[in-house]
Amino acid sequence: MRRLNQRQRALLLLLLAAAVLLAITLAGALLTGRAMETDFSRLNLAPDLPYLFGTDWMGRDMFARTLTGLSLSIRIGALTACVSAVIALVLGVAAALNRKLDAVFSWCIDLFLGIPHILLVMLISLAFGRGFLGVVAGVSLSHWPSLARLLRGEVLQLRQAPYLRLARKLGVPRRDLIRRHLLPHLLPQFLTGLILQFPHAILHEASVTFLGFGLSSEQPAIGVILSESMRYLTTGRWWLALFPGLALVGVVLLFAALGEQARRLLDPSSIHQ
Amino acid sequence: MKHRLQFAGKKLLRMALLLLGVSLAAFLLMSASPLDPLQTNVGQAALGSMSQEQIAQLEDYWGVNTPLAERYLGWLFSALQGDFGTSLLYRQPVLQIIGERLANSLGLLLFAWVLSGILGLTLGVLAGALRGRWPDKLVRGWCLLISSTPTFWLALLLLTVFAVWLGWFPSGLSVPIGVEADSVTALERLRHAVLPALTLSITGVSNIALHTREKMVDVMESDYVLFARARGESLPAIVLRHGLRNVALPAITLQFASVSEIIGGSVLVEQVFSYPGLGQAAVTAGLGSDMPLLLGITVLTAAIVFGGNVAADLLYGVVDPKIRRGAAKA
């Protein structure tokens with residue numbers, strides 16, 4: 001087989017990670033019915049065939065529950081990462097172009113970073129009445145500061161770039177300046193930032209749900225599964241916590257790999273390092 | 001000296017303003033909540049069987065009908081006088097609860113903060129100095145794995161292994177069950193704190209190590225290190241003489257920035273270990289719509305975080321003579 005170069009390898013890895021994540025999402029969505037199914041003839045089975053991850057105290061198949069939970073996590077993660085990335089883009093660019101806004105912006109960021117992250121997500125989730133809406137609002141409204149700061153710095157640097165100064169001197173209207181010259185240049189940074197928010201978003205969704213501020217306990221979310229498993233750990237049902245958690249770590253690692261490969265593809269200079 | 005004081009004064013003023021902002025933001029978020037504190041705590045069935053007067057009394061107690069601005073200003077003025085109100089769930093002054101809980105958490109937080117700082121710095125410097133070799137790969141892989149692991153799951157894992165299987169440590173609480181508060185020995189308390197503190201330390205390491213590594217890599221590629229190499233200095237000497245000094249500033253920033261992360265982590269860890277600390281109180285207050293308590297905890301943790309930032313800013317001057325002189329000139 002012909003040896004692939006770095007770029008092709010990165011692309012291959014990216015596609016592979018994306019395919020696995022997509023498969024998990026679809027499989028989880030299809031298995032939702034099975035994840036809720038209780039069967040009292042198969043209570044508390046240790047992991048074995050046909051129940052790879054064992055069953056819980058209501059005879060529910062933990063494998064199906066885990067996949068469904070992961071699927072839910074990935075979908076919420078995608079939604080919240082997109083929302084917070086867009087917030088970051090709008091606020092970051094606006095702050096860089098307007099001095100008055102900038103002062104307010106940096107004050108707000110300091111304020112946001114002053115409250116420990118998980119506490120902030122809890123507070124926002126409370127404001128939206130917990131549940132699905134609470135999680136989505138909490139995670140997406142609290143993740144923008146770091147990316148917004150990055151984009152703001154980028155725009156401040158870009159403003160001094162010769163091609164932008166030239167365009168301004170040529171009388172290109174401000175709106176066209178932003179749309180045709182600034183935003184395309186920010187796109188790689190934005191996309192990388194967006195994908196790198198996924199792991200954080202997923203982890204925080206799971207954490208907040210685990211604490212009871214997120215998805216309701218009827219839904220087979222990873223946070224709910226792990227929080228329920230806590231009651232059965234001391235009686236030796238280790239599989240209830242081990243496999244769902246491991247699977248979640250796997251998904252987060254996949255997203256991190258996805259982001260890393262995307263960064264290498266979008267930033268051509270770093271691929272040869 | 002005068003300039004240093006001015007600098008510190010400015011920082012403290014900014015901190016006070018930010019704290020005000022935090023309290024207002026937290027207050028607004030909590031009052032925006034559509035969750036009815038009566039339904040959460042009293043329950044639908046009990047409410048149904050109560051008379052109108054009883055319900056009105058309860059509404060008064062939970063402050064449902066007082067206007068927003070009045071409530072916030074009232075809270076603010078008494079808070080400035082050192083009265084953070086009374087917790088609605090525990091029926092004790094908020095400050096007293098926070099004091100008790102903080103006393104439980106403080107050891108945990110400090111231990112994890114110091115240990116993760118030392119470990120993170122060591123691993124980061126090691127990885128940066130040996131960039132591309134196996135220790136670097138090991139540290140990076142470990143950090144990636146840890147930062148992808150949910151804190152609470154790591155806590156669950158340690159709990160299963162060390163408390164349930166091996167039985168080395170108790171599986172929860174901060175003191176043994178069924179023992180009087182006075183007769184609990186320090187050793188017992190320590191045994192209860194080991195697992196939560198360990199979990200917190202492990203999760204705190206990855207961020208510090210990775211960022212220290214980045215800085216160390218920059219230092220190792222600098223001209224002065226190249227020159228030191230040309231003079232024939234050995235790698236350990238370079239790391240000790242040039243590396244450590246130049247990563248000191250970012251290391252201080254990272255160390256104090258990690259305060260917020262450790263407090264956040266303690267919320268999750270304390271929940272898993274049923275450790276009666278500040279984090280657990282925050283969760284209880286949040287789930288039970290106990291506004292004064294949650295507000296007090298939020299403001300206090302924010303004060304600790306901002307205090308950490310100010311301390312870092314002041315420490316720069318102590319560590320770096322350039323900054324000291326720069327501040328004096330400005």
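**View 1. Helices H5 and H9 of chain A cross each other in this predicted model.** The axes of H5(A) and H9(A) come within 10 Å and meet at an angle of roughly 65°. Angles of 65 to 115 degrees count as roughly perpendicular, and therefore H5(A) and H9(A) are described as roughly perpendicular to each other. The handedness of this crossing is right-handed. On the H5(A) side, look for Ile118(A), Val121(A), Met122(A) and Ser125(A); on the H9(A) side, their counterparts are His204(A), Ser207(A), Val208(A) and Leu211(A). Sorted by class, the residues of this contact are five nonpolar and three polar, with no charged ones. An α-helix has 3.6 residues a turn, so residues three or four places apart point the same way.

**View 2. Confidence varies along chain A.** Chain A has an average pLDDT of 84, and 96% of its residues score at least 70. H5(A), a partner in the crossing of View 1, has the highest mean pLDDT among the elements of chain A, at 90. The lowest, 73, belongs to helix H2 (residues 32-36) of chain A.

**View 3. Helix H12 of chain B is largely enclosed by the rest of the structure.** This helix spans residues 278-287, and eight of its ten residues are buried, which is why H12(B) can be called largely enclosed. The buried ones are Leu278(B), Gly279(B), Gln280(B), Ala281(B), Ala282(B), Val283(B), Ala285(B) and Gly286(B). Their cover draws on both chains: it includes H5 (117-127) and H9 (174-211) from chain A, along with H6 (94-129), H11 (235-272) and H13 (291-319) from chain B. Just after H12(B), keep an eye out for Ser289(B), which takes a positive phi of about 55°.

**View 4. Chain B touches chain A.** This contact takes 40 residues from chain B and 37 residues from chain A. On the chain B side, helices H1 (2-32), H8 (151-165), H11, H12 and H13 each supply at least two residues. That side has 27 nonpolar and 13 polar residues, and no charged ones.

**View 5. Chain B is built from helices, with zero strands.** Follow chain B from the N terminus and you will meet one α element after another, for a count of 14 helices. Of the 330 residues in chain B, 37% are buried. Among contacts in this chain between residues at least 6 apart in sequence, 75% join residues at least 24 apart.

Key:
Residues numbered from 1 in each chain as written. Chains lettered and ligands numbered in written order. Predicted model: local features only at pLDDT ≥ 70, side-chain atom pairs only at ≥ 80, totals over all residues. Buried ≥ 20, exposed ≤ 12 C-beta atoms within 10 Å, placed from the backbone. Helix = DSSP H or I, 4+ residues; strand = E, 2+ residues; numbered from the N terminus. Contact = placed C-beta atoms within 7 Å. Nonpolar A, V, L, I, M, F, W, Y, C, P; charged D, E, K, R; others polar. pLDDT = per-residue confidence, 0-100. Axes fitted to C-alpha atoms, helices over the stretch in contact; angles between N-to-C directions. Parallel < 35°, antiparallel > 145°, perpendicular 65-115°, else oblique. Left-handed = near helix turned anticlockwise from the far one by under 90°.
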